[in-house]
Amino acid sequence: MSNGETPVPEIRVHPIKNGTVIDHITAGQALNVLNILNIPNAASGVISIIINAPSVHGIKDVVKIEGRELNVDEVDKISLISPKATINIIRNFEVSEKTHVHIPEIVGGVVKCINPNCISNSNEPVSSKFTVSTDGQRIVLRCLYCERIISEDIGNHLL
Amino acid sequence: MTFKDLHIISMKSFSRDMIDHILDTAEKLEPIASGKTKSDMLDGKVLAVMFFEPSTRTRMSFETAMMRLGGDVLSLGSVDASSIAKGETLADTIRVVQGYSNAIVLRHNKEGAAQLASEFSSVPIINAGDGAGHHPTQTFLDLYTIRRESHLEGLKIALAGDLKYGRTVHSLCYALSLYGAEITLISPKELRMPAEIIEDLRSRNIKVTETDSIEEAIADVDVLYATRIQKERFPDPAEYRKVANSLQITTELLEKAKPDLKVMHPLPRTNEIDPKVDDTPHACYFKQSFYGVPVRMALLALVMGALE
């Protein structure tokens, strides 16, 4: 977990034997990541959260989850609120796989459109759908139905 | 290029070649639209007209277009007396109506309704306005009017009125950018064109100028496109009157214009255009309204496969 960064945050929590470490989460988004992963719930293993950890790129959040590997949908959602996050799969205390989150071109059923008059917010048998692009540092979502754009506080609009 | 079974949802999905083809087709159909010649091109075809909110002019224009081509029209009728009042979803309504028709014209109060309808329909959906979203057939008829009454190439156009909420002018600007038009935007500061649209136009190398004075702009343009300023946008009636009167088009104002300037308006108008303007060669808005018929005939004939 060093990655050439200041190692201060990592020594504050124990290493995990098996599970996932989500690193380089945009500072302040760790709680939204937990929301995406439906944590805590009855089946949660041990969760460690580090908020505002210093790193060479500024500050970041880190989430460590014992005994769980993430699925593609969960990773797609995390990419929307934290496009620079890395997913480290830990097996027997070793980093077995390390990937950057992938920003999908389209997300469905993940975010609620902010336009109250959008057809996707009515009682129709469809999920919300957004095209995903980046605007420098930000993720920009455009509703495929009403074309309304969401680029701020995406974490607040996650379904 | 084929239009058969194409959904007409938003102007953004049309290239300049596609637009030109639609306008060319409309021009060929104009004698039929005016009743000078007859056609049974769409004989045996049924157009379902589903208006979830009232828009008499647009509905009648589509119905006229279908009837002029020999087809039949099936109307949803009153929403209050339909299954929608019982809570049926739009998706289900569309799945039922597609079985009765060869194309569906949809007007709905929710943005994105036409897109949703297209996902459930095996017959073409034509968007006749979805909330504050798109109204592509209005843009096609605006372009057709400009081409017939003025010129699309090298056009200098001024758009005046409510440029903030007016969906017709937003779509028209995007379409005109395909033709390299010079655009002057005239509005009170409260109703300016959204900045992102202006940025988009400039990124397409379109010259865009903003002003709040119609007098400044009128001498240099080929087309003056006025839109209605909606009283309800202004909390203070006095502010509304001040703004509405400042953008009024009068015969005195038109003395400063080019002799072949055309004045357009999507109608209905309130006091944006003095009725005395109607009798001048500049007035183009009633012709514009008629041109909706050949344009919608072209779209219907193309998406139902009667023409290529």
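Helices, of at least four residues, and strands, of at least two, are DSSP runs numbered from the N terminus. The exercises below concern a predicted model.

**Exercise 1. The annotated positions**

Task: Locate B:Lys86 in the chain, and decide whether B:Lys86 is buried or exposed.

Solution. Step 1: the loop that runs between β2 (72-75) and α3 (90-97) of chain B contains B:Lys86. Step 2: the relative accessible area of B:Lys86 is 74%. Exposed requires over 50%, so B:Lys86 is exposed.

Task: Determine where B:Arg228 lies, how accessible B:Arg228 is, and which residues B:Arg228 touches.

Solution. Step 1: B:Arg228 belongs to the loop between β8 (223-226) and α9 (237-246) of chain B. Step 2: with 33% relative accessibility, B:Arg228 is classed as partly exposed. Step 3: leaving aside residues up to four places away in sequence, B:Arg228 is in contact with B:Asp162, B:His265, B:Pro268, B:Thr270 and B:Glu272.

Task: Decide whether the positions that carry the UniProt feature "binding site" are gathered at one spot or spread.

Solution. Step 1: the UniProt record, an unreviewed entry, puts this feature at B:Lys86, B:Arg167 and B:Arg228. Step 2: these positions span 143 residues in sequence, and their farthest two C-alpha atoms are 35.3 Å apart, so they do not all gather at one spot.

**Exercise 2. Aromatic rings and charges**

Task: Classify the ring pair B:Phe14 and B:Phe140, and state what it ties together.

Solution. Step 1: over all chains, the structure has four aromatic pairs. Step 2: for B:Phe14 and B:Phe140 the centres are 5.1 Å apart and the planes stand at 90°, so this pair is edge-to-face. Step 3: B:Phe14 is in the segment before α1 (16-33) of chain B, while B:Phe140 is in helix α5 (residues 136-149) of chain B, so the pair ties together parts 126 residues apart in sequence. Step 4: B:Phe14 and B:Phe140 are both buried.

Task: Treat B:Tyr285 and B:Phe286 in the manner of a ring pair.

Solution. Step 1: the centre-to-centre distance is 5.2 Å and the angle between the planes is 70°, an edge-to-face pair. Step 2: B:Tyr285 has a relative accessible area of 1% and is therefore buried.

Task: Which residues do ring pairs link into a cluster, and which charged side chains lie over rings?

Solution. Step 1: the cluster consists of B:Tyr144, B:Phe290 and B:Tyr291. Step 2: B:Lys12 is positioned over the face of B:Tyr174, 5.1 Å from the ring centre. Step 3: B:Arg296 has its charged end over the ring of B:Phe62, at 4.8 Å from the centre.

**Exercise 3. Strand pairing**

Task: Give the strand order of the open sheet in chain A and find its edges.

Solution. Step 1: the four strands follow the order β6-β7-β8-β9 (chain A) and pair antiparallel. Step 2: β6 (106-108) and β9 (149-150) of chain A each have a single partner strand, so one side of each lacks a neighbour in the sheet. Step 3: β6(A) is joined by three bridges to antiparallel strand β7 (residues 129-135) of chain A, with A:Ile106 partnered by A:Thr131.

Task: Describe the surroundings of strand β5 (residues 156-160) of chain B.

Solution. Step 1: four of the five residues of β5(B) are buried. Step 2: five bridges pair β5(B) in parallel with strand β6 (residues 182-186) of chain B, and B:Lys156 is opposite B:Glu182 there. Step 3: the route from β5(B) to β6(B) passes through helix α6 (residues 167-177) of chain B, a right-handed β-α-β crossover. Step 4: β5(B) also runs parallel to β8(B), joined by four bridges; B:Ile157 has B:Val223 as its bridge partner.

Methods: Residues numbered from 1 in each chain as written. Chains lettered and ligands numbered in written order. Predicted model: local features only at pLDDT ≥ 70, side-chain atom pairs only at ≥ 80, totals over all residues. Heavy atoms only, no water. Phe/Tyr/Trp six-rings, centres within 6.5 Å; stacked < 30°, edge-to-face > 60°. Buried < 20%, exposed > 50% of the residue type's maximum accessible area, 1.4 Å probe, protein only. Lys NZ or Arg CZ within 6 Å of the ring centre and 35° of its normal. UniProt positions renumbered as here; feature names shortened; annotations may be inferred. Contact = heavy atoms within 4.5 Å. Pairing = 2+ DSSP bridges. Right-handed = clockwise from strand over helix to strand, strands pointing away.
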